[in-house]
Amino acid sequence: MQIIYWLLIMIMVVGVIGAVVPGLPGSGLILTSIIIWGILGGSFAAIKTPLIVTALVLVLSIGVDILASYLGAKKAGASKWGQIGAIVGLIVGFLGLLPTLPFGGPLLGILLGPLLGAIIGEFIYRRQLWLAVKAGIGIIVGSLIGNLIQGVLAIAAVVVFVITTWPQVYGG
């Protein structure tokens, strides 16, 4: 059971990384790992607290992501066009439709796509390059801050899981 426990914790660590890095699964991996532990352990009562905490983290992460992007866009003076451009840029970057470079691949597309999309969307709306660049940077900074907050929330969920399940595994 200890090997499975550590494998699930490693999956949770990938989930923490995914909470910070766009395009990778985050809190969902952590929640799935906790559910698997509950199924294998035969008792959901033992994982009730981490399950509730992680479900809350998942909901909060979605809210933080939306709010951080919105506040970053608002602070930089971005319009809806810039926000829509960032979303389209994320999708295009993720699918690899941006020109590929010898390094980075889809991850670079996920990072550059929203910035370029926001700038293009804002430029189409305002026709002023500097305001478009400023709005694009604001959206990206807001998203990065949101990702860092999501990472902290994901770490908290994993810590709660370890604290509540350690005695089950190691009898401590």
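**Note on a six-helix chain**

1. Serine 27 touches Gly15, Thr54, Val57, Leu58 and Ser61, leaving out residues up to four places away in sequence. This is a predicted model, so read every point here as a statement about a prediction. Serine 27 sits in helix H2. Is serine 27 buried or exposed? Its relative accessibility is 7%, so serine 27 counts as buried; the cut-off for buried is under 20%.

2. The overall fold is simple to state. The chain has six helices and zero strands. Read from the N terminus, the order is α-α-α-α-α-α. Of the 172 residues in the chain, 36% are buried. Take the contacts between residues at least 6 apart in sequence: 67% of them join residues at least 24 apart.

3. Now the surface. The chain exposes about 9700 Å². Carbon and sulfur atoms supply 80% of that area.

4. Serine 33 is a second serine in helix H2. Its relative accessibility is 2%, and serine 33 therefore counts as buried. Beyond its neighbours within four places in sequence, serine 33 is in contact with Leu8, Ile11 and Met12.

5. Isoleucine 30 has a list of contacts worth checking on screen. Setting aside neighbours within four places in sequence, isoleucine 30 is in contact with Met12, Gly15, Val16, Thr54, Ala154, Ala157 and Val158. Met12 also appears among the contacts of serine 33. Gly15 and Thr54 also appear among those of serine 27.

6. Which residues of the largest nonpolar core touch the most other members? They are Tyr5, Met12, Ile30, Ile34, Trp37 and Phe161, out of 18 residues in that core. H1, H2, H3 and H6 each supply at least two residues of this core. Another core lies apart from it. That one has six residues, including Ala73, Ala118, Ala135 and Ile139. As background, nonpolar side chains tend to be buried together in soluble globular proteins.

7. The largest pocket holds about 760 Å³ of space. Helix H1 (2–20), helix H2 (27–41), helix H3 (48–75), helix H4 (80–94), H5 and H6 each give two or more residues to its lining. The lining has 31 residues. Those nearest the centre of the pocket are Asp65, Ser69, Leu90, Ser143 and Asn147.

8. Which element gives the largest share of the lining of the largest pocket? H3 does, with seven residues. By type, the lining of this pocket divides into 19 nonpolar residues, 11 polar and one charged.

9. Lysine 74 is in helix H3. With 55% relative accessibility, lysine 74 counts as exposed, because the cut-off for exposed is over 50%. Lysine 74 and glycine 142 are 68 residues apart in sequence. In space, their C-alpha atoms are 9.5 Å apart.

10. One backbone angle deserves a look. Phi of arginine 127 is near 60°. That is a positive value in a residue other than glycine. Where does arginine 127 lie? It is in the loop between helix H5 (105–126) and helix H6 (129–170). At 58% relative accessibility, arginine 127 counts as exposed.

Key: Residues numbered from 1 in each chain as written. Predicted model: local features only at pLDDT ≥ 70, side-chain atom pairs only at ≥ 80, totals over all residues. Heavy atoms only, no water. Helix = DSSP H or I, 4+ residues; strand = E, 2+ residues; numbered from the N terminus. Buried < 20%, exposed > 50% of the residue type's maximum accessible area, 1.4 Å probe, protein only. Contact = heavy atoms within 4.5 Å. Areas by Shrake-Rupley, 256 points an atom, 1.4 Å probe, with all protein chains shown as cover. 1 Å grid on protein atoms, 1.4 Å probe; cavity = no way out; pocket = protein on both sides within 12 Å on 5 of 7 lines; lining within 4 Å. Points joined across faces, edges and corners; volume = space filled by probe spheres on them. Nonpolar A, V, L, I, M, F, W, Y, C, P; charged D, E, K, R; others polar. Core = buried A, V, L, I, M, F, W, Y, C linked by side-chain atoms within 4.5 Å.
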